[in-house]
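Thanks for coming, everyone. Please take a moment to look at the sequence and the structure, and then I will go through a few parts of it with you.

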Amino acid sequence: MTKSSPLTARPLDGVRILDFTRVLAGPLSTALLADLGAEVVKIEPPQGDDYRAIGPMNNGESALFTVMNRNKQSLVLDLKHPEAVALVHEMAAQADVVVENFRPGVAERLGIGASQLRALNPRLVYVSVSGFGQTGPLAHRPAYDIIVQAMSGLMEATGEPDGAPTVVGEAVSDVVAGLFASWATLAALLQARATGQGQQVDVAMFDTTLSFLATSVARYLFTGRPARRVGNRHPLSAPFGVYRAGDGHFALAVLNNKLFAAALQAMELGSLAGDPRFASDESRSAHEPALREAIEAWAGRHEVAQVVAALDAAGVPAAPIWNIAQALESPQSQARGLLGAVQDPRLPGLRLPTQPVHFSGAAPNRAERAPALGEHTDALLSQWLGRGAEAIAALRASGALGTAAAAPSSPSH
C-alpha cells in the first residue's frame, strides 16, 4: 500500500472499527475516532439506533443521531439471526476494534462477546461501555446519565447551598464515558500493535464520572469530607465565581495574591488591600460573602462588557456569561474550526462539530454526514466480505439483514 503524504493522511487512517453502540456514550467515542480517519461501521438492528427517533428533528433527521454518528457507515443486521452473527464473525476477523455498549452479558448471549470474537482475531481490541462496568454488584443495572450523576457525587455537589441537588446542564456522564472510551481504545490499539495481542477494555460511566470529579476526589482523600454545594462560587478560593453587574452576570477567577491585588485596583477597591480578612486565598474564601458584596457594589454600577474590559486590561481572568449559540458563533470558535460544513442533501446548510484537537502533521478532520439506516449494507458486505449481489439478495431474503425488503438507498445528491 502506498504511504500517504502528511497532507492527506489522518492519524487513524486504516483503522477498522465495528461499532455496536447506540444512544450517546458509545457513539460519541467512535465518532471522535472517525473524525480522525478510522473506518467506523455502525452495525444497527433493523429498527435502528434509538437516537434516530429522538428530537429535536429536522426534515425527519435527529440532531443527536446526526452529531453522534457523523463519518460512519450503517450496516443493518438482525443479530438474532445466525447468519447475521456469522457475518459479524467474518468482519471481526478483519477489524482492529469492536465497540459495544450492551448490558453486561448480552453480547455473549448474541454470540459476539469479547471471548468469542477475540478467538477469531487475537489482535482485536474489544471495548465494552456500560453504566457500571463488567464487574461489581451494580454491573447488571442499566444506567442513564442522570442516574450516574446522582450516584457519583456530582449532583450532590451541584446547586445552591440551601437548594436541592442539581443535575448538570449537559449529559456529562455520557460524554465523559465516551471520551475515556476513545482514549482507552487508542491505548489498547497501541499495545496491540506492540505485542500482537488485543484485549477487552472495560469502560464504566460510573467509574469515568468519578475520575472526572478530580478536585472533589482530591479534597475527599485529604479531608475525609464530601464536596458541598456552594452555588456559583469556587468551593475553596475567592473571588472565584459568578458575580452580578449592572446588566447581567460575569465570571471572575482570582487564585493568588498578585491577581487579587490587580483585581482590587481594576475594581477601584484599593481600600480592601490591607484588610486582614482578604490577606490570603484561604481567608478570602472564609469571608467570601463580604468580598462578594464589595465586588458587586462596584460591578453593579457598570455593564458586564465594561467590567470584563477593566479586569481584562489588568490581566485578571474575567468573562461574560455566554450561551451555547454565542460560544459556537464566536470569532474564537470560528478561528478554531469547531464547527464544519458538511454536505447532506437531507439537511441543507448542515454544520457538525468535530474532535477539537489540532494535529500539525495531519490532514483536517473528516467531515461527512451521518448515514441513513442500513445505507451501506450492500457495499460493506461486498467490500469487506466479497459477497456478490446474489449472495446479498439471499441474505436479505433470509432475514439476516433485518427484512426481505429491497436494499436501502443512500440519500440523493
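Let me start with one pair of residues: Phe250 has Pro320 in β11 as its bridge partner. Please keep in mind throughout that what you see is a predicted model. The pair belongs to a wider connection, since strand β10, residues 248–253, is joined to β11 by three bridges, with the two strands running antiparallel. As a general point, the strands of a sheet pair through backbone hydrogen bonds, and this can happen in a parallel or an antiparallel way.

If we step back from that pair, we find an open sheet of three strands, in the order β9-β10-β11, with antiparallel pairing. Which strands stand at the edges of this sheet? They are β9, residues 240–245, and β11, residues 318–320, and because each has a single partner strand, one side of each is left without a neighbour in the sheet. From one strand to the next, the twist averages 25°. Helix α12, which covers residues 288–299, lies across β9 and β10, and runs at about 40° to β9.

Now let us turn to strand β6, residues 97–100, where parallel pairing comes in. Strand β1, residues 16–19, pairs with β6 in the parallel sense over three bridges, and within that pairing Asp19 has Val99 in β6 as its bridge partner. Strand β7, residues 125–130, is joined to β6 by four bridges, and these two strands also run parallel; here Val98 has Tyr126 in β7 as its bridge partner. In a regular strand, side chains alternate between the two faces of the sheet. In β6, Val97 and Val99 point one way while Val98 and Glu100 point the other way, and all of them are buried.

Next, a residue in a loop: His376 lies between β13, residues 351–353, and α16, residues 377–385. Is His376 buried or exposed? It counts as buried, because its relative accessibility is 18% and the cut-off for buried is under 20%. If we leave aside its neighbours within four places in sequence, His376 is in contact with Lys72, Gln73, Ser74 and Pro371.

Finally, on the surface there is a nonpolar patch formed by Tyr144, Ile146, Ile147, Met151 and Val167, which together have about 460 Å² of accessible area. One of these residues, Ile146, is found in helix α6, residues 145–152, and because its relative accessibility is 47%, Ile146 counts as partly exposed.

How values were computed:
Residues numbered from 1 in each chain as written. Predicted model: local features only at pLDDT ≥ 70, side-chain atom pairs only at ≥ 80, totals over all residues. Heavy atoms only, no water. Patch = residues over 30% accessible without salt bridge, like charges linked within 9 Å, V, L, I, M, F, W, Y side chains within 5 Å. Areas by Shrake-Rupley, 256 points an atom, 1.4 Å probe, with all protein chains shown as cover. Salt bridge = Lys/Arg side-chain N within 4 Å of Asp/Glu carboxyl O. Buried < 20%, exposed > 50% of the residue type's maximum accessible area, 1.4 Å probe, protein only. Contact = heavy atoms within 4.5 Å. Pairing = 2+ DSSP bridges. Axes fitted to C-alpha atoms, helices over the stretch in contact; angles between N-to-C directions.
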